[in-house]
2 protein chains.
Amino acid sequence: MSDTDRPPLVAPAPAEAAAYVRDARERRAFCTLLGRCHVAYDGRTTSHAGPADRLVALKPDLTLLVHAADGPKPQNWLAADALDVDVADGALLLTATRESPTEELCVTFESIEQAAAMAADETDATVEISGTEADLKERVLADPALVEPGFRALAAERDTPAGPVDVFGRDSSGRAVAVELKATRAGPDAASQLSRYVDALRRDLHADADVRGILVAPSCTPRTRRVLARDGHEFVSLEP
Amino acid sequence: MSDTDRPPLVAPAPAEAAAYVRDARERRAFCTLLGRCHVAYDGRTTSHAGPADRLVALKPDLTLLVHAADGPKPQNWLAADALDVDVADGALLLTATRESPTEELCVTFESIEQAAAMAADETDATVEISGTEADLKERVLADPALVEPGFRALAAERDTPAGPVDVFGRDSSGRAVAVELKATRAGPDAASQLSRYVDALRRDLHADADVRGILVAPSCTPRTRRVLARDGHEFVSLEP
DNA sequence: CGTGCCAGGTGCCCT
DNA sequence: AGGGCACTTGGCACG
């Protein structure tokens, strides 16, 4: 534990917990509160959640998260720009607010089981992600033959009236090819998108331009196959 | 603190932390770990994040969350169906896995500052949300005149070849009206959606059917206004 | 700031 | 499971 850290609390009184949270906020520390609380949010919508055991987390950047026992998403959250910590009616009250848009998240603790905190170091915590659509694009541009033998990639994000085509190129016989990329299993929307691009390119290039459409993704759903077939387009299986 | 709760830990040895996490998991407790860790995810994509101070939360339903100091979203997460807790090379190792799709999230702690836990009660923690699109729809159906005087709502989610229209009705002079609802500030996509519905209804009803389109939302962006005007549709400001 | 689009989107409901 | 769509979507890039 670093010099400035504070030991965790067990079943603190509201005032003690309030001081703990204020201290954590000043030190730009992570702070977690485990206890029974109810929650009110007012902003883009309005919500209320009755008393239950929850995990409330305060991040150094004033993000406040309220987690119930189930599910990966918080029940409520707020990227706040101000936090009030008060004791009212013998309860700890966290009021996080934000302007533009105006939002308020208020957590009222009936009881707190445990509180913990840790000052965050300045280490870069960046996540490196691979296997995204951007990676798939790189892969296709680096080795266009992965799409099909003889394919030449001429442009990425080529603009059309219908929006940018992921990859534009020509096949071994010189026909224009629009490639739509998806990093995960593709749905019908990807096939529709491809059709829009192909149509736009046909108009864009020449009235009678022959443009092929290829959907490149690890896999696609059955209905997507049908849409592709209907529009005369193709599917190529490729992992990012 | 309930009988079964365990006191929080301060700078525990890996083995002690491992026992704490395993115990929390068995009791279906919330568990939070504050410390320095690195993270690896493999599943829909692949990601890696180097050592940094993070907040790791384990929920009773085996959801594992990894939060860095910034932002409301976790850096990594997994709604797991199995969790391995091990000590390897003097480090606590959390390995959460899931099948279908196959995913794995692995958190390795170099050091742990604090650990806390709380068994979750069975209280219903449901959030009541209002101000959603569903609420706006209720409001319009209950009082159609809010859209405009004399408007009659005839159907919600009326099917068209272009998808379901939020509200379908007729105005005071008997003309068909398609209403598209948005609970928040509407963007151009909402106007496009409305146009698709109106076009579909014109074909659906009669070749020469006169169909009006109205976008109902608290507000809309400038470009959205332009799209509406171009297509001859209208905007009505209404809060959910 | 508005617009467009990806995301490990998630969640809900329906077929 | 697939399909469609809302969501306090969040996030980034770009005009």
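Colleague: How far is a phosphate oxygen of DNA strand C from an N or O atom in the side chain of A:Q193?

Modeller: The model is predicted. On the nucleic acid side the atom is a phosphate oxygen of DNA strand C, and on the protein side it is an N or O atom in the side chain of A:Q193. The separation of these two atoms is 3.5 Å.

Colleague: Which residue has a side-chain N or O atom 2.9 Å from a base nitrogen of DNA strand C?

Modeller: Two residues of chain B address base nitrogens of the strand. For B:Y41, the distance from a side-chain N or O atom to a base nitrogen of DNA strand C is 3.3 Å. The value of 2.9 Å belongs to the side chain of B:E103.

Colleague: Which element gives the most residues to the surface near DNA strand C?

Modeller: In total, 19 residues surround DNA strand C, with B:R44, B:W77, B:E103, B:T221 and B:R223 the closest. Of the strand's atoms that come within 4 Å of the protein, sugar and phosphate account for 73%. By class, this surface has six nonpolar, seven polar and six charged residues. With three residues, the element that gives the most is β5(B).

Colleague: Is B:N76 buried or exposed?

Modeller: B:N76 is found in strand β5 of chain B. Its contacts beyond four places in sequence include B:V39, B:L64 and, from the other chain, A:V127. The side chain of B:N76 is also joined to that of B:S47 by a polar contact of 3.0 Å. Because its relative accessibility is 5%, and the limit is under 20%, B:N76 counts as buried.

Colleague: What area is buried between chain A and chain B?

Modeller: The contact takes 61 residues from chain A and 60 residues from chain B. Carbon and sulfur atoms give 60% of the buried area, which is about 4500 Å².

Colleague: Which residue of chain B forms a salt bridge with A:R36?

Modeller: Between chain A and chain B there are 29 residue pairs in polar contact. The rule finds two salt bridges across this interface. In the one formed by A:R36, the closest N and O atoms are 2.5 Å apart, and the partner is B:D121.

Colleague: Which element supplies the largest share of the side of chain A that touches chain B?

Modeller: The residues on this side of chain A divide into 28 nonpolar, 19 polar and 14 charged. Among the elements that each supply at least two residues are β2 (29–42), β3 (46–58) and β8 (103–119) of chain A. The largest share is 11 residues, and it comes from β3(A).

Terms used:
Residues are numbered from 1 along each chain as its sequence is written. Chains are lettered from A and ligands numbered from 1 in the order in which they are written. This is a predicted model: local features need pLDDT of at least 70, side-chain atom pairs count only at pLDDT 80 or more; totals for chains, interfaces and linings use all residues. Side-chain values use heavy atoms; hydrogens and water are left out. A residue is near a molecule or strand if one of its heavy atoms lies within 4 Å of it. A polar contact is a pair of N or O atoms within 3.5 Å; within protein, one must be able to donate a hydrogen and the other to accept it, and residues adjacent in sequence count only if both atoms are side-chain atoms. Helices (H or I, at least four residues) and strands (E, at least two) are DSSP runs, numbered from the N terminus. Ala, Val, Leu, Ile, Met, Phe, Trp, Tyr, Cys and Pro count as nonpolar, Asp, Glu, Lys and Arg as charged, and the others, Gly among them, as polar. Buried means under 20% relative accessible area, exposed over 50%, partly exposed in between (1.4 Å probe, protein chains only). Contact means heavy atoms within 4.5 Å. Buried area is the accessible area (1.4 Å probe) that two parts lose on being put together, summed over both. A salt bridge is a side-chain nitrogen of Lys or Arg within 4 Å of a carboxyl oxygen of Asp or Glu.
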